[in-house]
Amino acid sequence: WLYCFSDGGGAAEKIRLIPQDFFAELCEQIIQHLNHKIPGINTAELCQRIQTSGVDINIGDLAKIANTLSFLFSTAARNNLSTEELVTTLGSGVSTLPKHAVQVIRHVWNEQGKAIAVSEDAGNMATVGQFVDMKWKLGVAMSSDTCRSLKYPYVTVTLTVADPSGQITDKSFEMTIPQFKNFFRQFKEMASVLETV
């Protein structure tokens, strides 16, 4: 794991592009996610803000950096590394990180890293995503190119989930009214079962 930034210059080179304040925010979000304080890292929102500041980076590169940092912090926690051991380990990699990134990692690890809980439960939870939010809307299709008077109701649901690595994504789908009624019935069944627990 010493060489998690040595992917042909990928992560280390992209980190050079990210301003220190944004890199610090990313590191802090990752630590908070690993501590189960937030459900995930909203790389899409952070990427948009970085791009607005004039930096040319895409969401795929930022997600790779987030995954690499998450691996770094969780591995350091599992190995119970001190701040100095972590910084020394980072310096021994093939591809060296920019000085500002090492300073941020040192500061964040020193302040919050020791709080990362390493437990078997956390490892088991890491295989599934986590629900963050749900939005819905009711719509009516009025017509189409094949039918003039359609008047077909539907429900659109958008689920916001954090995948096991902490990346937050939206998943949208549409349901017919009978599908929605079945969906609702299943939620009612879950609620009644939960009341018995």
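Arg-49 is partly exposed, with a relative accessible area of 29%, and this residue is a convenient place to enter the structure, which is a predicted model. Arg-49 belongs to helix α3, and once the neighbours within four places in sequence are set aside, Phe-22 and Glu-25 are the residues in contact with Arg-49. Between Arg-49 and Phe-22 there are 8.7 Å in space, C-alpha to C-alpha, although the two stand 27 residues apart in sequence.

**The protein as a whole**

The secondary structure of the protein consists of eight helices and three strands, and read from the N terminus on, these elements follow the order α-α-α-α-α-α-α-β-β-β-α. Of the 197 residues in the protein, 36% are buried, while the accessible surface comes to about 12,000 Å², with 55% of this area belonging to carbon and sulfur atoms. Among the contacts in the protein with a separation of 6 or more, 61% join residues that are 24 or more positions apart.

**Helices α3 and α4**

Helix α3 covers residues 43-52 and includes Thr-43, whereas Leu-62 lies in helix α4, which covers residues 59-78. Thr-43 counts as buried because its relative accessibility, 3%, is under the 20% limit. Leaving aside neighbours within four places in sequence, Thr-43 is in contact with Ile-59, Leu-62, Ala-63, Ala-66 and Gln-167. Leu-62 has a relative accessible area of 0% and is therefore buried as well, and its contacts, with neighbours within four places in sequence again left out, are Ile-18, Leu-26, Thr-43, Leu-46, Cys-47, Ile-50 and Ile-57. One of these partners, Cys-47, lies 15 residues from Leu-62 in sequence and 6.8 Å from Leu-62 in space, C-alpha to C-alpha.

The table sets out the relative accessibility of several residues discussed in this report.

| Residue | Relative accessible area | Class |
|---|---|---|
| Cys-27 | 0% | buried |
| Thr-43 | 3% | buried |
| Cys-47 | 3% | buried |
| Arg-49 | 29% | partly exposed |
| Leu-62 | 0% | buried |
| Leu-138 | 57% | exposed |

**The nonpolar core**

In soluble globular proteins, nonpolar side chains tend to be buried together. Which residues touch the most other members of the largest nonpolar core here? Within this core of 37 residues, they are Phe-23, Leu-26, Leu-69, Phe-73 and Ile-105. At least two residues of the core are supplied by each of α1 (10-17), α2 (20-34), α3, α4, α5 (83-91) and α6 (99-112). Phe-73, when residues up to four places away in sequence are not counted, touches Cys-27, Ile-30, Ile-31, Leu-34, Ile-105, Trp-109 and Ile-116.

Cys-27, one of the residues that Phe-73 touches, is buried, with a relative accessible area of 0%, and Cys-47, which is in contact with Leu-62, is also buried, at 3% relative accessibility. A search of the whole structure finds zero disulfides.

**A nonpolar patch on the surface**

Where nonpolar side chains form a patch on the surface, Phe-131, Met-134, Trp-136 and Leu-138 are the residues that make it, with an area of about 490 Å². Leu-138 lies in strand β1, which covers residues 130-141. Is Leu-138 buried or exposed? With a relative accessible area of 57%, Leu-138 is exposed, because this value is over the 50% limit.

Note on methods: Residues numbered from 1 in each chain as written. Predicted model: local features only at pLDDT ≥ 70, side-chain atom pairs only at ≥ 80, totals over all residues. Heavy atoms only, no water. Helix = DSSP H or I, 4+ residues; strand = E, 2+ residues; numbered from the N terminus. Buried < 20%, exposed > 50% of the residue type's maximum accessible area, 1.4 Å probe, protein only. Contact = heavy atoms within 4.5 Å. Disulfide = S-S within 2.5 Å. Patch = residues over 30% accessible without salt bridge, like charges linked within 9 Å, V, L, I, M, F, W, Y side chains within 5 Å. Areas by Shrake-Rupley, 256 points an atom, 1.4 Å probe, with all protein chains shown as cover. Salt bridge = Lys/Arg side-chain N within 4 Å of Asp/Glu carboxyl O. Core = buried A, V, L, I, M, F, W, Y, C linked by side-chain atoms within 4.5 Å.
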